[in-house]
Amino acid sequence: MAETVELPSRLAILPFRNKVLLPGAVIRIRCTSPRSVKLVEQELWQREEKGLIGVLPVRDAEAAAFSSLLSTGAGSDTGERSVKASTDNLGDSQKQGTKNQQELIHWHNRGVAARALHLSRGVEKPSGRVTYIVVLEGLCRFNVQEISERGTYYVARISRLDMTKAELEQAEQDPDIILLSRQFKATAMELISILEQKQKTSGRTKVLLDTVPVHRLADIFVASFELEFEEQISMLDSVDLKLRLSKATELVEQHLQSIRVAEKITQKVEGQLSKTQKEFLLRQQMRAIKEELGDNDDDEDDIAALERKMQSAGIPPTVWKHAQRELRRLKKMQPQQPGYSSSRVYLELLADLPWQKVTEEHEIDLNAAKERLDTDHHGLHKVKQRIIEYLAVRKLKPDARGPVLCFVGPPGVGKTSLASSIAGALNRKFIRISLGGVKDEADIRGHRRTYIGSMPGRLIEGVKRVGVSNPVMLLDEIDKTGSDIRGDPASALLEVLDPEQNRTFNDHYLNVPYDLSKVIFVATANKVQPIPPALLDRMEVIELPGYTPEEKLKIAMKHLIPRVIDQHGLSPNYLQISEAIVKLVIERYTREAGVRSLERNIAALARAAAVRVAEQECTVQVSKNFHPESTSLLETRLGDSAEVEMEVISMDANHHDTGAFSSRSVLVVDETILEKVLGPPRFDNGEADERVSIPGVSVGLVWTAFGGEVQFVESATMVGKGDLHLTGQLGDVIKESAQIALTWLRARATDLNLSAAGDVNLLDKRDIHIHFPAGAVPKDGPSAGVTLVTSLVSLFSQRKVRADTAMTGEMTLRGLVLPVGGIKDKVLAAHRYGIKRVILPERNLKDLVDVPSAVLSSMEILFARRVEDVLEQAFEGGCPWRQHSKI
Ligand SMILES: Nc1ncnc2c1ncn2[C@@H]1O[C@H](COP(=O)(O)OP(=O)(O)OP(=O)(O)O)[C@@H](O)[C@H]1O
C-alpha cells in the first residue's frame, strides 16, 4: 500500500478545486478542460503501464485571501502557511507564463499521489471535444517543492511526507499513539454501530477496524464524510500521526453528534405528524397489507362493487352517462376528501332505484278483488263498487291513464286500508307517503345537491324503499300540504299526478329524469276544501262518510276484534267481548266518525287479557311442580319429624285439568271489567242537557277535520261599546257568519223586542262575546250561521234552547237559510251524541238519501227556509219573541 508506493520525484499535477483527495479515498472525476484532458491523455491514457499523478487542492482567490488573513499568527504546520510557501516556491517560468491564472490558482503545497483505477474516454457532440472520466484512488501524501508547466498541464517536483514502514512500527510503540489509536477506534466503532442500526445492516465495516492500520483508517473514515474544504485541508496537513489521529477522532465525534441531532429532529417531527397524516399513513399501510392478503373489502373494491351494482340496476342510457361521469369523479377522490361521501351516497341512490324492476302483474281477477275488499272492509258498498270499476278498466286496458282516486273522509274510516287493498288486488307493492305538514317543495322534489345534507324528495325515497317502479303509492293527507316561502308542494304534486309529465319526473337531488308513469297513485284527505283546485281536478274524489254506531258494531265484531286478538297473540279462548259490551264502548268511550278510537279501546281490553293470561300461565307452571296434595304432605311430614322424605311427583303435563286452565284464563268483558280497564265512561247523552241549561247556548252541527261534529255555541253580553268578540280557533268565514247573525239581529231588535230587560237599545250598547268550546279544534265554514243567531236570540230573550235539537245552515242578511255540505256526517254526529231533533236547510232534503234509514228513523228531521223557521223549532214553545212580536 502507501508504504510500498515508490514515489517519483516529479508528478503531473491535477488541480482539485476546493476539494481534497485523502489517502485511501476513491473519487470519480470528469476531465473536460484542455489542460486536464491533456494530462490524462498523456500521463494515464496513452501509457501502457498506468503511472501516478498528483492531486493538488487549489482554492478560489476569495477563499485564499480569507484564509491568508486567518493565517497570520496561526500555528506552524497549517495549510495556510503552506499556501504561501507553495506560491513562493512556484517556478519562475510559471510565474511568468501563467500570470493571469496565478491570480486565480492558489495551490496548496501538499497533495496526494493517486493512481487511476478506471479510465473512460468520450467525445462530446457536436463540438467533437474529447473528455475523460477517471476513477482515482488516493495513495500517500507528498510535499510540493516546485511547480512548472509541461506543455499545457503542470508538473511538480515533490518530496514524500508519509513515514516509512520502520518509522511507523516505531511510532506504534509510542504510548500516546496507542492511547490515541484506542480512542479513535472506540469512536469509530460507535459510529459504525449507529449507522448499522439505522440502516439495519451488519456490514463488514467493523472488520476494517481490525485489519487496516490505524493511520490509514483515520484518513479513510474522514474521507467518507462530507466535510468543509478547510476541514479536509487540515486533515491533509495532519502529517504527524498523533495530530492525524486526534484530528480524525474529533471529526468522527463531530459526525456522530450531527447524526444524533438529526435523529432527535426526526423523532420530534414524526411526533408532530398530525392525526390525519398518521391515519393516512396507517391506511396506506393497511391497504398494502390487504393487497398482500388478497382481501377485497377496501374502498377500491367497494367502488368496484358499487359499479357492478349500478351496471345491474338497469339505468337508462341517458342517465348512465351521467352516472359514469359521477363515478369517475368518485374514483379520483380520497375517502377523506370532502364531497366523497355525498358523491357516494348519490351513486348508491342511482344504483338502488328500481329503474326497470317491476312487480309482475297478473291478470286482474275481479271476483277475487271484490272478495278481498269485502273481507277487509265492512259496508262501504259504493266505494267498493267504484274501486271494482276502476280495476275493471285497468283489466281491459292495463296502461290506461285512469284517474287518481282520492279517498276523502274523517280519520279512521278505512281510507288507507282501502288503498292497500287495491294494491293487494292488483298484486302490486304498496307504499305510503305521508304529506301531512309538508310545506317545503323540496320535500316532494328533493334538495339540489349543492345544499349540505341534501336529500331526494319523498317520492323518490319511497320508490327506492319499495324497490319496484310500479307500486301503488298512497299520497296520504294530500289536503295537509301547505305553501310558504319555501315553495308550493302542491304544484310539485301536479307534475307527479299528471300522466304527461310524470314520465320524466325531475327530482332536484336526483338531477336526472325518473319515470313515475308506472306508479298507481291513490290519495287520501280529510277535507276537499284545502286541496288546490288544479290538484283536485286531477283526482276523482270518493267520499267516505263516518260510520253509524250499528256499522261500527259490525266492523268491530267482524274485523277489529279478531284482528286485535290476533295482534296480541291471543285467541277467542282468552278474550270474549260481547256485542252489548262493544255497543257500550261505542256509546260511552268513543264519539268519532271512524273506528280508530274504537280499535284502540278494544286493544286496551286485549292487553288486559294478555296480562291475565301471562300471570295465569305463571301460576299454572308453579302448580305443575308443587302438587297441592304433595305440598301439604311435605309440610306435615316436615313439621312432624323434621325429616325430609322424597316423594315422586308426576311431571305429566296432563296431570292438571286443562279445562280449568282455560276457564280461568278467559277474560269475559262485562261492564265492571270495562270500567276497570277503560276507566269511567267518557261520554254520555246527558251532555247536551247540561250545556244548554242556561240561556245563550245553542247546539250546532259542523264539519271539522274529524268529520261531522256537534258544536255548542256560547254567547254572553257585558257592558261595553257594542263590540263583538269571538273565540275558539275560528276561521274567517265563521267570523263573518257571526257578524251576519249579529247584524240581522240588530236590524230587528226593536221589532223583536228582544231585551228581556225591556231596553230595546241593549244590543247596541253592550259588548257581545261568542265562544266555540273545544278551542283546540279549528273551525270554519258558513254552516254555523243559524246556530249563532239562535245562541244570540237565546241570550237576549233569556230563553233556553231545546237540548235535544241541533241545527245547521248558512244564513243570509235577509234571514234566508242556505243549504250546506256534509249533511250525512252531521246527521251521524247528531246520532252519536244522542240528539233526537235536527234542523236542516230545506234544500238539503235530497242529501238525506245517503243517511242510513236506521239513523233517520231514530230522529226527527225538521227543515227551515228562513231563520225564523229555525228559531220557531229551536225553542220550547216556539219562537221566543212571538208573544211580543209586532210582526
Ligand atoms: N269498513 C271497515 N271495515 C273494516 N275495518 C275498517 C273499516 N274502516 C276502517 N277500518 C279499520 O280501521 C282502522 C283505521 O283505518 P285507516 O287507517 O284505513 O283509516 P284512515 O281513513 O286512513 O285514517 P287517517 O285519515 O287517519 O289516515 C284500520 O285498522 C282499518 O282496517
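**Ligand shell and nonpolar cores**

In this predicted model, helix α18 supplies the largest share of the shell around the ligand, contributing three residues. The elements that give two or more residues to this shell are α18 (415-426), α23 (549-567) and α25 (596-625). Of the 18 residues around the ligand, those that come nearest are P411, G414, K415, T416 and S417. When the shell is divided by class, 10 of its residues are polar, five are nonpolar and three are charged. Because residues of the shell are drawn both from domain 4 (366-523) and from domain 5 (549-678), the ligand lies between these two domains.

Turning to the interior, the largest nonpolar core comprises 133 residues, and the residues with the most contacts inside it are C406, V522, I602, V789 and V870. The helix that gives the most to this core is α32 (residues 785-797), with seven residues. Apart from this core lies another, of 51 residues, which includes I13, V20, A156 and L217.

For V522, one of the residues with the most contacts inside the largest nonpolar core, the contacts that remain once neighbours within four places in sequence are left aside are with V404, L405, A419, I422, V472 and L474. V870, likewise among the residues with the most contacts inside that core, is one of the buried residues of helix α35. This helix, spanning residues 867-874, is mostly covered, with six of its eight residues buried; besides V870, the buried residues of α35 are V867, D869, L871, Q873 and A874.

Key. Residues numbered from 1 in each chain as written. Predicted model: local features only at pLDDT ≥ 70, side-chain atom pairs only at ≥ 80, totals over all residues. Near = placed C-beta within 6 Å. Helix = DSSP H or I, 4+ residues; strand = E, 2+ residues; numbered from the N terminus. Nonpolar A, V, L, I, M, F, W, Y, C, P; charged D, E, K, R; others polar. Domains from an automatic or database assignment. Core = buried A, V, L, I, M, F, W, Y, C linked by C-beta atoms within 7 Å. Buried ≥ 20, exposed ≤ 12 C-beta atoms within 10 Å, placed from the backbone. Contact = placed C-beta atoms within 7 Å.
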